Amino acid sequence: MSGIRTSNAQTPNGKLHEEPRAHGQSNLAWLEKSLEQLEDKQQGGPSLLLLGGRDPISFRLRVAQSHVRHDLTPSHWSHVVLLERDGRGLSSVEAWEISLTPTHGFGYPPKTNGIQRIDLNDYKNEERYPNVALVNVPLELHKVKTARERFMRQRAVVDAVGLVTEWLPYIWGVGRSINPLLEGHGLPCAAMVEVILGAAGFELTPNVASRSSSPEAIWQSARWWHDYHGSDSRPPLMGAFHTSHTLCTAD
């Protein structure tokens with residue numbers, strides 16, 4: 001199993017609530033509504049968009065993260081995107097990611113340590129990405145922007161391009177590739193947000209090393225490590241989620 005610590009919390013984070021999706025509601029419409037609710041409490045700032053897909057690569061990623069779960073069931077999540085909100089509504093959001101399936105190809109990843117700015121319409125389809133969560137991070141936006149720009153220029157802390165090359169053979173089924181998480185290689189998207197937020201002053205996943213992070217580790221941190229996050233005069237992580245697609249249960 002992957003080395004991940006368990007929280008001592010007895011109840012899940014009450015600031016992270018389930019937000020049902022209306023029939024036929026797109027992920028962008030769900031996200032807009034969740035942002036409106038969040039903005040009543042928090043103007044602007046960084047947030048995380050967790051996504052759980054049902055395509056073959058998302059399936060492999062969700063199963064790979066079962067080693068991070070105590071019951072070894074697949075994760076709800078396959079990807080995470082960093083959102084930088086500089087105002088109200090989706091029009092104020094810049095979205096950044098390191099994807100293993102970038103819409104317009106990889107380009108030349110070393111130039112930006114694998115990070116690409118994306119259009120959130122890439123994740124609009126609620127049938128392809130049925131699981132979605134929005135998690136607000138209590139940090140000043142300018143600190144996150146500075147940390148993200150530094151991450152794009154410096155590969156010494158985390159070589160995200162190297163992480164991409166660790167994961168591609170596994171998700172494509174090349175040779176005898178094993179689950180990279182078992183060797184301490186986190187998913188590039190999760191390692192990116194972990195390191196950026198850490199450099200900006202917020203320890204996102206105290207339950208796992210940053211280089212070994214994953215969307216599931218981030219989810220567990222948001223859901224169960226609220227006492228830890230709220231212990232240094234900061235509010236806990238808050239937001240909303242909808243998880244309608246489960247690959248299997250432990251029953």
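**Exercise 1. Disulfides**

Task: In this predicted model, how many disulfides are there?

Solution.
- Start with the chemistry. A disulfide is a covalent bond between the sulfur atoms of two cysteines.
- Apply the cut-off: the two sulfur atoms must lie within 2.5 Å.
- By this rule the count is 0 disulfides.
- Now look at two cysteines. Cys-189 has a relative accessible area of 2%, so it is buried.
- Cys-248 has 37% relative accessibility, so it counts as partly exposed.

**Exercise 2. Salt bridges**

Task: How many salt bridges does a search of the whole structure find? Then work through three pairs.

Solution.
- The search of the whole structure gives 10 salt bridges.
- Take Arg-117 and Glu-94. Their side chains meet in a salt bridge, 3.7 Å from N to O. This pair links distant parts of the chain: Arg-117 sits in strand 5 and Glu-94 in strand 4, 23 residues apart.
- Check the surface status of both partners. Arg-117 is exposed because its relative accessibility is 52%, and the cut-off for exposed is over 50%. Glu-94, at 22%, counts as partly exposed.
- Take Lys-143 and Glu-140. The closest N and O atoms of this salt bridge are 3.3 Å apart. Lys-143 is partly exposed at 38%. Glu-140 is partly exposed at 46%.
- Take Asp-159 and Arg-155. Their side chains form a salt bridge at 3.0 Å, N to O. Asp-159 has 27% relative accessibility and so counts as partly exposed. Arg-155 is partly exposed too, with 33%.

Task: Which residues are linked with Arg-117 and Glu-94 in a network of salt bridges?

Solution.
- Return to the pair Arg-117 and Glu-94, which meet in a salt bridge.
- The network joins these two with Glu-84, Lys-145 and Arg-148.

**Exercise 3. Positive phi**

Task: Leu-72 and Asn-113 both have a positive phi. Where does each residue lie, and is each buried or partly exposed?

Solution.
- Recall the background. Most residues other than glycine have a negative phi.
- Leu-72 is not a glycine, yet its phi is positive, about 60°.
- Leu-72 lies in the loop between helix 2 (56-64) and strand 3 (79-85).
- At 45% relative accessibility, Leu-72 counts as partly exposed.
- Asn-113 has a phi near 55°, again positive in a residue other than glycine.
- Asn-113 lies in the loop between strand 4 (93-97) and strand 5 (116-118).
- Asn-113 has 0% relative accessibility, so it counts as buried.

**Exercise 4. Asn-179 in its loop**

Task: Why does Asn-179 count as buried, and what does its side chain reach?

Solution.
- Locate the residue. Asn-179 is in the loop between helix 4 (160-172) and helix 5 (188-199).
- Test for burial. The cut-off is under 20% relative accessible area. Asn-179 has 6%, so it counts as buried.
- Follow the side chain. It reaches the backbone nitrogen of Leu-181 at 3.0 Å.
- List the surroundings, leaving aside neighbours within four places in sequence. Asn-179 is in contact with Ala-64, His-67, Trp-167 and Tyr-170.

**Exercise 5. Ser-26 and a distant partner**

Task: Where does Ser-26 lie, and which residues is it in contact with?

Solution.
- Ser-26 is in the loop between strand 1 (16-18) and helix 1 (27-39).
- Ser-26 is buried because its relative accessible area is 14%.
- Leave aside neighbours within four places in sequence. Ser-26 is then in contact with Arg-21, Lys-124 and Glu-126.
- Compare sequence and space. Ser-26 and Asn-125 are 99 residues apart along the chain, and their C-alpha atoms are separated by 5.9 Å.
- Look at the side chain. A polar atom of the Ser-26 side chain lies 3.1 Å from the backbone nitrogen of Ala-29.

**Exercise 6. A nonpolar patch**

Task: Which residues make the nonpolar surface patch of about 220 Å²?

Solution.
- Phe-59, Val-63 and Leu-247 make this patch.
- Place one member. Leu-247 lies in the segment after strand 7 (238-243).
- Check its exposure. Leu-247 has 30% relative accessibility and so counts as partly exposed.

Technical notes. Residues are numbered from 1 along each chain as its sequence is written. This is a predicted model: local features need pLDDT of at least 70, side-chain atom pairs count only at pLDDT 80 or more; totals for chains, interfaces and linings use all residues. Side-chain values use heavy atoms; hydrogens and water are left out. Helices (H or I, at least four residues) and strands (E, at least two) are DSSP runs, numbered from the N terminus. Buried means under 20% relative accessible area, exposed over 50%, partly exposed in between (1.4 Å probe, protein chains only). A polar contact is a pair of N or O atoms within 3.5 Å; within protein, one must be able to donate a hydrogen and the other to accept it, and residues adjacent in sequence count only if both atoms are side-chain atoms. Contact means heavy atoms within 4.5 Å. Patches are made of residues with over 30% relative accessible area and no salt bridge: like charges are joined within 9 Å, nonpolar side chains (Val, Leu, Ile, Met, Phe, Trp, Tyr) within 5 Å. Accessible areas come from the Shrake-Rupley method with a 1.4 Å probe; for residues, only the protein chains shown count as cover. A salt bridge is a side-chain nitrogen of Lys or Arg within 4 Å of a carboxyl oxygen of Asp or Glu.
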